[in-house]
Amino acid sequence: MRVPVRALFALILTAGIAGCGERAPRQDSFSGQACLSALASRGVRFESRGDLSDGSGCGVGTAVAMRGSVADFDRPATMSCQTALAVDDFERNVVQPAAARYLGGPVTRIRVLSAYRCTRVNGSGRLSEHARGHAIDIAAFTTRQGTVSVKDDWRDPGPRGQFLRAVARGACGRFGVVLTPNTNRDHHDHFHFDTGASSLCSL
Ligand SMILES: [Zn+2]
């Protein structure tokens, strides 16, 4: 497709300006009241937190404290509304079907290790997607039969491990970045999922 030269120039100019200095928290493409309404209409339990900013480059546009959708979170997880939609989609279409297949019943509780926090990527100065409310770390899933944890069951050859590996596979494509215990030592006890611009499926 031919792109008009003038449009291309405008695009380069815009990208150049956006790249200058410490950026303001990036606005998600789906944000504000339209996103909150979509989240509520899906039955997600959350409280709106408005726009968060802590002045050091960290912040979340249209932040929500998500308490769960089908399953309950063990603690409220703060993230952008758009990321909460992705988490809800992931739970309904990946976690619950995998639980039905491998664990014999629904996941009722999800242990969240962290979501929004003002942090940088280990070993670099780059802000983590957690610092923009685009990421969630999940440690375990509980059903009526018990708890399956990333730390203890990731390498289990039986249904518990099969469940976790199916969950990670299903997360790829729904999230930009999926990190597992196979990624590195930092992730030995949790999955990291984020909706940032990067693309990485580390199974
Ligand atoms: Zn993480």
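1. Let's start with T62, which counts as buried in this predicted model, because 26 C-beta neighbours lie inside 10 Å of it and 20 are enough for that label. T62 sits in strand 2, residues 59-68. Do look at its backbone as well: phi is positive, about 45°, although T62 is not a glycine. As a reminder, most residues other than glycine have a negative phi.

2. The burial of T62 fits its surroundings. Strand 2 has 8 buried residues out of 10, so the rest of the structure largely encloses it.

3. On one side of the pairing, strand 2 meets strand 1 (residues 45-53) in the antiparallel sense, over 7 bridges. If you would like a pair to check by eye, G68 in strand 2 is the bridge partner of R45. The two strands form a hairpin with 5 residues between them. Within that turn, G55 has a positive phi of about 85°.

4. Strand 2 is also joined to strand 3 (residues 72-80), again running antiparallel, by 5 bridges. Here A65 stands opposite T78 of strand 3. The hairpin linking strand 2 to strand 3 passes through 3 residues.

5. Now to the interior. Which residues touch the most other members of the largest nonpolar core? They are L39, V64, M66, M79, A84 and I136, in a core of 45 residues. Helix 3 (residues 81-102) gives the most to this core, contributing 9 residues.

6. M79 is a good place to centre your view. Leaving aside residues up to four places away in sequence, M79 touches V60, V64, M66, A84, A115, Y116, G133 and I136. Among these contacts, V64, M66, A84 and I136 also appear with M79 in the list of residues touching the most other core members.

7. Finally, a loop residue worth a look: is L127 buried or exposed? L127 is buried, because 20 other C-beta atoms lie within 10 Å, and the cut-off for burial is 20 or more. Its place is in the loop between strand 4 (109-114) and strand 5 (135-143).

8. What does L127 touch, not counting residues up to four places away in sequence? The contacts are G57, C58, R120 and R132. For C58, the C-alpha atoms of the two residues are separated by 7.7 Å, while 69 residues separate L127 and C58 along the chain.

Key: Residues are numbered from 1 along each chain as its sequence is written. This is a predicted model: local features need pLDDT of at least 70, side-chain atom pairs count only at pLDDT 80 or more; totals for chains, interfaces and linings use all residues. Helices (H or I, at least four residues) and strands (E, at least two) are DSSP runs, numbered from the N terminus. A residue is buried if 20 or more other C-beta atoms lie within 10 Å of its own, exposed if 12 or fewer, and partly exposed in between; C-beta atoms are placed from the backbone. Two strands pair if DSSP finds at least two bridges between them. A nonpolar core is a set of buried Ala, Val, Leu, Ile, Met, Phe, Trp, Tyr and Cys residues joined through C-beta atoms within 7 Å. Two residues are in contact if their C-beta atoms, placed from the backbone, lie within 7 Å.
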